[in-house]
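Thanks for coming. I will keep this short; please have a look at the model before I start.

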Amino acid sequence: MKWLSESPAAQRPCSTQRFVLTELEYGQAAQNRSSRLAAGDRPEQNEPSCTIVSNDPQIIERCAAIAVGAAVRIKHCADVQQVLADGSGPVLWGSDMAALAEHASVAADVLVGLEQDAASLWSLASRIPKARVALLPAASQWLGEYLGLWAMRAGHGHTLALNASAGGLGNTTLAALLAHAGTLSGLRSIMIDLDQHSQGAWPLICATPPTGVGWEELQQSGGTLAAHQLAETLPQLRETSILTWSQATGAHKLEDQLVIRLLAAVRQGFDLVVLDTGRAPHPQRQALSQFIDRNVATASSLTIPSSGEVVLCGEQKLRNAPAGFPEILGVFPEHARIIKCAERGVLFDSFKSRALRQHLSNLCLIPQVPEQR
C-alpha cells in the first residue's frame, strides 16, 4: 500500500509551498527509522549547543555554568580550525583568543571576558559586524537569556497547529492521523494534546495506552525538559509519540512556562510536531505563536472562519463562500474505516484505507522527507 501522489484535483501551484506525502509504502516506518538511527540521527544530536573558543579556565568555567542554566550544551574549543569544522549554534570567543575572531571565517556572536578586558573587547567588537560583548560576571544574566532565547527558537521540528471552529469536528482525530502519517513518511513525529477541555486522547486512539508520561507527570517535573529525555519517556504508539492527559479530569490548565519549555524541547527532538489546540481561540495563543510554523483551522461548511487556512471536516461541499475568502485546503470526511477503527481502539489501522491515505495526502500538511524533495 502506498501514499498516493496528488490527484489532479488536489494539485496546487508551487508558489503555495505546501508539503505532500508521495509514494510511501504503508508499514515502512520502522525501516525508515532504523536507517536514520544507523546514520547517527539521534534526538540528543538535535539539542541546542554553543561553542566557547578559549583557553582561559575562568572564562570557560563561567560560560559552562551559564550554558547549563540555559539548557544549552557547550563545547570547548581551543583550535580555530576545529570551530570551522564542528561549530554549531552561537560561538563565544574568550578574551584570550578574541583577536583571532576578527580574521576568522566563523561567526563571532559574543566576545566574553572579565571586567578588565572591557576596553579591548569593545574595540574589537566595533570591527566585527553583529558581535556582542559580555563582561562577566555582570553580564551573566544577559548571556544566559541570550543562550536561552536562542535555544528556544533553535528547534528544527516543523510545528503544525490544528484549531477547531466548533466542537465535535474531529480535530483530535485529524491531529493524531497527521502525526502518524509523518511517522510513516520517515519523520520523527509527535502529537500534543493542548485542548484545555480535553478528556484525554487515548480513548479515541487506542484501547490500551502504551506506557509513558502524560501531562500530569510533566506538571510535576519542574526545571528544563531535555529533548532526548522526552523522546525516551513519552508514550509511543507504532513509533508515533503522543502527549495527552492520562486521566479524564475535566478542564485543564497548563502554565505558560511549562508549555514553552515543552515546545522548545520537542522542536529539538522531533521532525514534525502536531498540536491539537482545541476550539479557537486558545487561551495560551501568545505563548504558542512563537513556536507554530503553520496554523490550520478545522471547520464545517457552517463554521468557516473568515480568513486563514481551513480543512473542511465531515462535509464534502461548501455551501456558502465566506466573506474573508479563507484558503480551503481540502476535505477530511467522516470515513467509515476511521469510525470503525476508533470504536475498536485501533485508530491507526485506518491507514490501511487507500481512500483515507489519499485524503490526507491531498491536504499537503506533512513535510516531505529528504528523498521526496
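Here is a question to begin with: among contacts between residues at least 6 apart in sequence, what percentage join residues at least 24 apart? For this protein it is 68%. Keep in mind that this is a predicted model.

Now the overall picture. The protein has 373 residues, and 52% of them are buried. About 17300 Å² is exposed, with carbon and sulfur atoms supplying 51% of that area. As for secondary structure, there are 13 helices and 13 strands.

I will spend the rest of the time on one sheet. It is an open sheet of five strands, and reading across it the order is E2-E1-E3-E4-E5. The pairing is parallel. At the edges sit E2, residues 73-77, and E5, residues 132-136, each of which pairs on one side only. From one strand to the next, the twist averages 25 degrees.

Let us go to one end of that sheet. How many bridges join strand E4 to E5? There are five, and the two strands run parallel. E4 covers residues 110-114. If you want a place to look in the viewer, find Gly 113, which stands opposite Leu 135 in E5.

Last, what lies across these strands? Helix H2, residues 57-69, does. The strands it lies across are E1 (49-53), E2, E3 (91-94), E4 and E5. Relative to E4, helix H2 runs at about 120 degrees.

To recap: a parallel five-stranded open sheet, with helix H2 lying across its strands, in a protein where 52% of the residues are buried. That is all I have.

Notes:
Residues are numbered from 1 along each chain as its sequence is written. This is a predicted model: local features need pLDDT of at least 70, side-chain atom pairs count only at pLDDT 80 or more; totals for chains, interfaces and linings use all residues. Side-chain values use heavy atoms; hydrogens and water are left out. Two strands pair if DSSP finds at least two bridges between them. Helices (H or I, at least four residues) and strands (E, at least two) are DSSP runs, numbered from the N terminus. Axes are lines fitted to C-alpha atoms, for helices over the stretch in contact, and angles run from 0 to 180 degrees between N-to-C directions. Contact means heavy atoms within 4.5 Å. Buried means under 20% relative accessible area, exposed over 50%, partly exposed in between (1.4 Å probe, protein chains only). Accessible areas come from the Shrake-Rupley method with a 1.4 Å probe; for residues, only the protein chains shown count as cover.
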